Amino acid sequence: MSLINCNTLNVSISNNNICENLTLSANAGENWAILGMNGSGKTTLLHTLAGLLPAQSGDITLNNDNLNHLSRRDVARQIGLLMQHQEDHFPGTVLETVLIGRHPHLKSWQWESDSDRQIAHDALALVGLTNFDERSILTLSGGERQRVALATLLTQQTKVRLLDEPVNHLDIHHQHEVMKLLTSNNESIANIFVLHDVNLATRYCDHALLLYGDGKFKQGLCSEVLTEEYLTELYQHPIKEIEHQNQRWFIAS
C-alpha cells in the first residue's frame with residue numbers, strides 16, 4: 001500500500017537543483033534512506049515531502065490526496081517529521097514535550113487525556129527514558145534530547161515518518177537501538193530517513209535515494225543502488241565494499 005508519492009517532482013533552493021522529475025512511492029513497510037553529500041538537498045527534499053517547503057513543480061500525494069489540498073492538521077495526523085536539530089526556547093518537562101505529539105489529534109482547547117499520557121509514557125519507555133517525565137528539557141544531554149524528539153514522533157502515531165538524521169548525537173548502542181525500534185514491526189508505516197552513515201542504510205533500509213546535488217538522482221533497492229561504483233560517484237571519494245557474516249559494509253578507501 002502506497003502511503004506517500006512524488007510524481008515528476010522538481011525541487012530547488014537558491015537556484016540549485018535538488019531533484020528533477022523525481023517519481024517515487026514509499027509503501028507501507030518500506031524503509032527508505034536518502035543519501036548524499038553535505039549541501040545536496042536532503043533536508044530540503046524531506047521538508048518538501050512534509051509540505052513545509054513548496055516544490056517548483058510536480059505533485060506529492062498522501063494516501064492518494066494531494067498534499068497541497070490538505071490542512072496542516074490533516075497532514076500532521078499522517079506525517080511525522082523529526083527535525084535535524086532540536087531547539088528549546090522555553091523550559092518544559094520531558095512529558096510536556098513528548099505530549100506535543102498528540103496535539104494534531106486534539107480539538108481546540110482540548111487537554112490531553114489519560115490515554116494520551118499513556119501513549120507518551122509508552123513512547124518514552126521505548127526510547128529508554130522511563131522516569132524522565134518531570135526532568136526539565138533544558139537539563140538533558142544531546143543524546144537524551146534526541147531520544148525525547150523520537151518519543152514525540154512516536155507519540156504522534158503517524159503512518160509516514162520523515163526522519164532527518166535520527167541518530168544525531170547518539171552513541172553506537174543507541175544508534176542501533178533507535179534504528180531497530182523504527183524499522184521493526186512497521187508493516188503499516190513508511191519510514192524515510194536522511195542518513196550520513198551508509199552502513200546504517202545498508203543494514204536497516206530496503207530502498208535508497210541518492211541525491212547528487214545537481215538535480216540528478218538514483219533510486220531503487222539498496223541491493224541495487226548501494227554499490228562501490230554509485231557510492232564513489234555520490235561521495236566523490238573511493239568507497240570499497242566488504243562482506244562479513246553475510247552483511248555488506250562500505251568503507252572509505
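Two strands count as paired if DSSP finds at least two bridges between them. Hold on to that rule, everyone, as we will use it a lot today. The helices (H or I, at least four residues) and strands (E, at least two) are DSSP runs, numbered from the N terminus.

A quick word on where this comes from. This is a predicted model, in which local features need pLDDT of at least 70, side-chain atom pairs count only at pLDDT 80 or more, and totals for chains, interfaces and linings use all residues. Residues are numbered from 1 along each chain as its sequence is written, and side-chain values use heavy atoms, with hydrogens and water left out.

Let's start with the six-stranded sheet. Strand β3, residues 31-35, pairs with strand β8, residues 190-194, in the parallel sense, over four bridges. Within that pair, I34 has V194 of β8 as its bridge partner. On the β9 side, β3 and β9 also run parallel, joined by four bridges, and there the bridge partner of I34 is L209.

Now zoom out. In what order do the six strands of this open sheet come? The order is β6-β7-β8-β3-β9-β10, and the pairing is mixed. At the edges we find β6 (79-82) and β10 (217-221), each of which pairs on one side only. On average, neighbouring strands in this sheet are turned by 15 degrees against each other, direction ignored. For angles like this, axes are lines fitted to C-alpha atoms, for helices over the stretch in contact, and angles run from 0 to 180 degrees between N-to-C directions.

Where does the antiparallel part come in? β9 and β10 pair in the antiparallel sense over five bridges, and one of the matches is L209 with Q219 in β10. Their hairpin has five residues between the strands, and G213 there takes a positive phi near 85 degrees.

Stay with β9 for a moment. Is it buried or exposed? Buried means under 20% relative accessible area, exposed over 50%, and partly exposed in between, using a 1.4 Å probe and protein chains only. Five of the five residues of β9 are buried, so this strand is largely enclosed by the rest of the structure. H207, L209 and L211 are buried on one side, and A208 and L210 on the other, so both faces are covered.

Next, the smaller set of strands. Four strands form a second open sheet, in the order β2-β1-β4-β5, with antiparallel pairing. β2 (16-27) and β5 (65-66) stand at its edges, each with a single partner strand, so one side of each has no neighbour in the sheet. Strand β1, residues 2-13, runs antiparallel to β2, and eight bridges join them. In that pair, V11 has C19 of β2 as its bridge partner.

Helix α1 lies across β1, β2 and β4 (57-62), running at about 130 degrees to β1. Contact, by the way, means heavy atoms within 4.5 Å.

Let's turn to helix α4, residues 114-126. Its 13 residues reach 18 Å from the first C-alpha to the last, close to the 18 Å expected at 1.5 Å a residue. That expected span is 1.5 Å times one less than the number of residues. Which residues of α4 are buried? They are D116, I119, A120, A123 and L124. Seen down the axis of α4, these buried residues fall within an arc of 135 degrees, so they line one face of the helix. The arc is that of the directions from the helix axis to the C-beta atoms. Here is a handy rule: an α-helix has 3.6 residues a turn, so residues three or four places apart point the same way.

What do the buried residues of α4 pack against? Their partners are α3 (94-98) and α5 (142-156). After α4 comes G128, whose phi is positive, near 80 degrees.

On the α5 side, let me introduce T155, which is found in that helix. T155 is buried, with a relative accessible area of 0%. Leaving out residues up to four places away in sequence, T155 touches V98, G101, R102, I119, A120 and A123.

One last residue: N168, in the loop between β7 and α6 (172-183). At 17% relative accessibility, N168 counts as buried. N168 touches Q84, H85 and Q146, again not counting residues up to four places away in sequence. A polar atom of the N168 side chain lies 3.2 Å from the backbone oxygen of Q84. Thanks for listening, and do have a look around the model yourselves!

Key
A polar contact is a pair of N or O atoms within 3.5 Å; within protein, one must be able to donate a hydrogen and the other to accept it, and residues adjacent in sequence count only if both atoms are side-chain atoms.
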